[in-house]
Amino acid sequence: MRARRVWAFAPLLLILAVACQPTTPSLSPSLSPPTASTAPSAGAYPLTLTDDAGRQVTLPAEPESIVSLAPSNTEIVCALNACDRLVGVTDFDDYPAEVADIPDVVIFAVVDIELVVDADPDLILAAGNELTPSAVITELTDLGYPVLVVYPASLDEVLDNIELIGEAINARDQAAALTAEMEDRIQAVTDAVAGAARPRTFYEVSVFEGTIYTAGRDSFLASLIDLAGGGPITGDPLTFSIALEDLLAADPELILLGDAAYDASVTPEAVAARQGWGAISAVQNGRVVVMLEDPVITRPGPRIVDGLEALARAIHPERFD
Amino acid sequence: MRASVATRSLVGGPSLGRATLVIGGALVVLLASVVVAVGLGSVEVGLPEAIGIIGQRLGLPVPETWASTAPTILFEVRLPRVLAGALVGAGLGGAGVVFQALLRNPMADPYVIGTAAGASLGAVLAITAPVLVPALALGAGTAWLGIGLAQVLAFAGGLGAVALVLAIARQGGRSNMVTLLLTGYAVSSLVAAVVALLLVSSGRALASVVGWLLGSLGGAGYPELAVAAPLVLGGSALLLFRWRTLNLLLLGDEAAAGLGVDLVPVRRGLVLLATLVTSAAVALAGTIGFVGLVVPHLVRLAIGPDHRLLLPVSCLGGAALLVMADMAARLVGGVPVGVVTALIGAPFFLWLLHRAAGARTTP
């Protein structure tokens with residue numbers, strides 16, 4: 001029976017997996033096929049698009065009903081003024097407020113296929129990189145639904161995804177206006193932090209049973225910290241974890257507590273009291289900052305720019321008076 | 001049969017009337033479970049509508065009073081899942097009986113000699129390979145005969161692990177069942193360690209890996225069923241033909257040998273058949289726990305230890321139990337069926353241990 005000890009910590013890992021899902025939009029850029037390209041004829045249906053998984057998705061007509069399997073997709077659809085076309089969302093969805101009235105078809109990170117079929121959408125917006133399991137994408141595709149897999153591996157790709165969804169739902173102009181505004185704000189952030197010293201920055205995603213989770217090497221989150229003018233201290237690209245000794249050796253000048261957004265017991269004082277953490281420069285210099293903006297920092301939707309601005313303000317408060 | 005006329009009283013089996021009654025009863029329970037499970041889900045499809053939809057499928061001129069999506073939900077989403085539950089439950093229930101008889105161990109289940117560990121390694125390798133080796137990501141979506149790579153590798157892994165266990169156990173001369181059990185334990189531990197290693201480095205695939213390990217019937221469609229059904233049903237039928245041998249094994253090695261049964265090839269055949277059935281079941285649904293352990297005990301308590309009835313009724317009972325457990329999992333929403341079976345199974349297992357300790361006898 002001991003052979004199955006691995007099962008014993010399976011539920012724990014499941015909890016961890018669910019907890020980490022929205023916070024790890026990271027991962028190797030090599031896994032992400034080239035970004036969405038669009039069919040030449042604008043506004044004409046049937047329309048064939050290439051999604052982030054490299055799949056060809058054909059829409060016979062302008063989608064009147066949409067199911068979103070990820071909060072970021074929901075936010076994009078609503079930002080394109082198409083919130084009223086959503087007929088199914090996830091139970092993680094919390095923005096904008098009106099999505100609370102839309103039925104959930106994803107419950108505890110599990111897609112309920114029956115509920116999706118019952119909603120009978122013209123378009124399903126899935127998340128890539130196994131956030132929506134590939135088995136579910138296959139099953140929904142086999143049932144005859146157009147499934148667009150959306151998965152940005154960088155900030156630029158978030159903008160591309162907004163334009164891809166705009167293309168799919170015949171909201172190109174809104175998408176172009178939105179991404180133009182986002183580009184201006186991103187430019188403003190990079191201008192503001194240009195030339196500033198880049199503090200070694202540790203972003204705490206969570207600390208669980210002594211294992212410290214942070215931005216993985218080459219991850220989305222690491223690239224955001226970089227854009228915001230910080231030097232990200234990164235963890236393993238697969239496990240997103242960093243050993244305490246490696247963290248101490250990296251000696252962060254700034255600690256950002258993303259997990260404080262969900263757990264009030266995570267405070268700068270609690271961090272200072274952790275065994276060994278007192279030696280870190282950031283702790284000694286009082287540069288441990290609560291990041292209540294974690295949901296927008298880790299959700300690759302239109303508000304990602306809010307997250308970038310929050311990061312920049314936390315890393316370079318002197319440049320934002 | 002090697003069992004002679006002299007042993008007929010030991011291995012003659014129950015009367016035809018009782019057999020018909022018991023197996024018929026179990027069949028009715030299974031059919032009722034299937035009907036209820038197809039009828040209930042997160043989307044409500046009323047009984048009259050469901051009957052109408054079935055009638056329309058059969059070509060009857062039934063007026064369409066249901067939502068256009070209802071037939072899809074019944075036939076494309078719910079029915080394959082219910083059938084997969086029945087198939088996997090039947091395989092695990094039957095294989096559990098065989099392993100408990102073979103190993104003469106009440107704690108034995110279909111996974112005990114390495115099937116689960118091997119199948120897990122296969123599936124977890126298939127799921128994590130694209131994460132660990134990005135070059136493989138392109139091939140991750142490919143299917144073989146309409147079956148996913150995880151299912152193919154799980155099936156191969158289950159068979160492979162048991163083949164390894166048998167080969168190692170054989171090295172120590174005439175393999176006895178204790179050696180087999182201990183070898184299975186050692187190989188399972190080793191393989192489970194590799195699985196755990198893959199688990200912590202699975203990154204974005206972690207949720208999929210854990211979901212597979214906990215067991216889920218969600219991924220089973222008609223193509224998978226078409227491949228798994230002959231393996232599970234055929235293997236179970238072949239096992240059922242060996243009910244006399246299984247009964248003899250209960251008497252103990254010496255008694256069985258004294259009755260003219262050459263134990264080594266007989267056991268090997270039973271192990272291979274039961275492993276085939278288990279691997280097909282695990283490949284279809286992941287490592288669903290406790291069904292293969294609990295159902296044989298429940299059925300034995302109800303109808304006694306004669307394998308002529310115990311084996312088929314455990315198949316039917318396992319099928320009914322898993323269909324109902326999966327229905328509960330679906331209705332609760334987002335709970336892997338393995339969690340539901342463990343929630344039912346673990347307390348029962350504890351009671352069994354308590355009872356065995358109290359009676360100082362092994363069931």
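**Helix packing in chains A and B**

Me: Is the crossing of α6(A) and α7(A) left-handed or right-handed?
Reply: The crossing of α6(A) and α7(A) is right-handed, the near helix being turned clockwise from the far one by less than a right angle (anticlockwise would be left-handed). This is a predicted model, in which local features need pLDDT of at least 70 and side-chain atom pairs pLDDT 80 or more, while totals for chains, interfaces and linings use all residues. Residues are numbered from 1 along each chain as written, with chains lettered from A and ligands numbered from 1 in written order.

Me: At what angle do α6(A) and α7(A) pack?
Reply: Helix α6(A), residues 155-168, packs against α7(A), residues 172-193, at about 165°, and their axes are 8 Å apart. Therefore α6(A) is roughly antiparallel to α7(A) (over 145 degrees; under 35 is roughly parallel, 65 to 115 roughly perpendicular, the rest oblique).

Me: Which residues make the contact?
Reply: Among them are Leu155(A), Leu159(A) and Ile162(A) of α6(A), with Leu178(A), Met182(A) and Ile186(A) of α7(A). Contact requires C-beta atoms, placed from the backbone, within 7 Å.

Me: Now chain B: how many helices and strands?
Reply: Chain B has 15 helices and two strands, taken as DSSP runs numbered from the N terminus (helices H or I, at least four residues; strands E, at least two).

Me: How do α3(B) and α4(B) pack?
Reply: Helices α3(B), residues 47-57, and α4(B), residues 70-103, pack at about 75° with axes 10 Å apart, and are therefore roughly perpendicular. Axes are fitted to C-alpha atoms over the stretch in contact, and angles run from 0 to 180 degrees between N-to-C directions.

Me: Which residues meet there?
Reply: Glu49(B), Ala50(B) and Ile53(B) of α3(B) meet Ala70(B), Pro71(B) and Leu74(B) of α4(B).

Notes: Contact = placed C-beta atoms within 7 Å.
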